[in-house]
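Student: Could we look at this structure together and ask how each label is earned?
Tutor: Gladly, let's take it step by step.

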Amino acid sequence: MAKRISELMDLASSRFGQENEKIRDLTSKAAYAFNAVQPGDRIQEFRRRDNYITLAAGDHGGIIITKPNTQVKSVGQARITNKVIIQENCVFAGLIFESDIANSTRNNADCLVDVQEGVAQFVGCTFIKNTGDPMNSSDTSFENFVMVQEGAKALFNGCTFHASEDTMKQTGDVVRNHTNNGIGDCIVGFSTNTTGQTNSNCTNVGVLT
């Protein structure tokens, strides 16, 4: 009897292992079915315009948006761990932008996202800086979470801004809209900001702190 029970347990263990392998395989296939960019792969805009980029769950490097109307979205918890530079109209949806102290190549003394040109939209995104990272309130020293440069525009809808732990130790702007831009050129709406710091020259609508 004991031998039979042992055999049944071995069989169950083997089947559970097989099922786990199947789940992992299906997850991977689903990601590739969406043409998802895998962690470690370069994020690229292949078309002249209207690129649709899906990032699989995991850590990804930075990206420079240079083609008009690019849309970047996440399958699962896709995290961008290096600087994002925006030079054209674009949309980011459901992504995490984080300067993680565990990442040796992170931008600890620079912004997470630099909107240089165009109109950038962020929907349901999360922005995280390490609690001890530098912060600043300057149009020329980009040590905040997001910098919107002169002539550029940005819209944040349903986004989250927070420090890795508690609140930021240094003072500075979370989202900084260039002083020469209009206050309506950068809108932060229906979002949460628990960094302990504020936005600069932005229209804030329904932002909870």
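**Pocket and strands**

Tutor: In this predicted model, the largest pocket is lined by Asn35, Val37, Arg42, Ile43, Gln44, Phe46, Arg47, Asn51, Tyr52, Ile53 and Thr54. Its volume is about 200 Å³.

Student: What makes these residues lining residues of the largest pocket?

Tutor: A lining residue has an atom within 4 Å of a pocket point, so Asn35, Tyr52 and the others listed count as lining.

Student: How many residues of each class are in that lining?

Tutor: Five are nonpolar, four polar and two charged. Arg counts as charged, so Arg42 and Arg47 belong to the charged class.

Student: How do you know that β8 and β11 pair?

Tutor: Pairing takes at least two bridges, and β8 (residues 96-99) and β11 (residues 126-129) have four, so they pair, in the parallel sense. One bridge partner is Thr126 in β11, for Ile96.

Student: Which sheet holds these two strands?

Tutor: An open sheet of six strands, in the order β2-β5-β8-β11-β14-β17, with parallel pairing.

Student: Why are β2 and β17 called edge strands?

Tutor: β2 (58-60) and β17 (192-193) each pair on one side only, so they are the edge strands.

Student: What makes β7 and β13 partners of β10?

Tutor: β7 (residues 90-93) shares four bridges with β10, and β13 (residues 153-157) shares five. The cut-off is at least two, so both count as pairs, and both run parallel to β10. Cys90 has Ala120 as its partner in β10, while Val123 has Asn157 in β13.

Student: Which residues of β10 are on its covered face?

Tutor: Ala120 and Phe122, whereas Val119, Gln121 and Val123 are on the uncovered one.

Methods. Residues are numbered from 1 along each chain as its sequence is written. This is a predicted model: local features need pLDDT of at least 70, side-chain atom pairs count only at pLDDT 80 or more; totals for chains, interfaces and linings use all residues. Side-chain values use heavy atoms; hydrogens and water are left out. On a 1 Å grid over the protein atoms alone, a cavity is a set of points where a 1.4 Å probe fits but cannot get out, and a pocket is an open set with protein on both sides within 12 Å along at least five of seven lines; lining residues have an atom within 4 Å of a point. Grid points are joined across faces, edges and corners, and a volume is the space filled by probe spheres set on the points. Buried means under 20% relative accessible area, exposed over 50%, partly exposed in between (1.4 Å probe, protein chains only).
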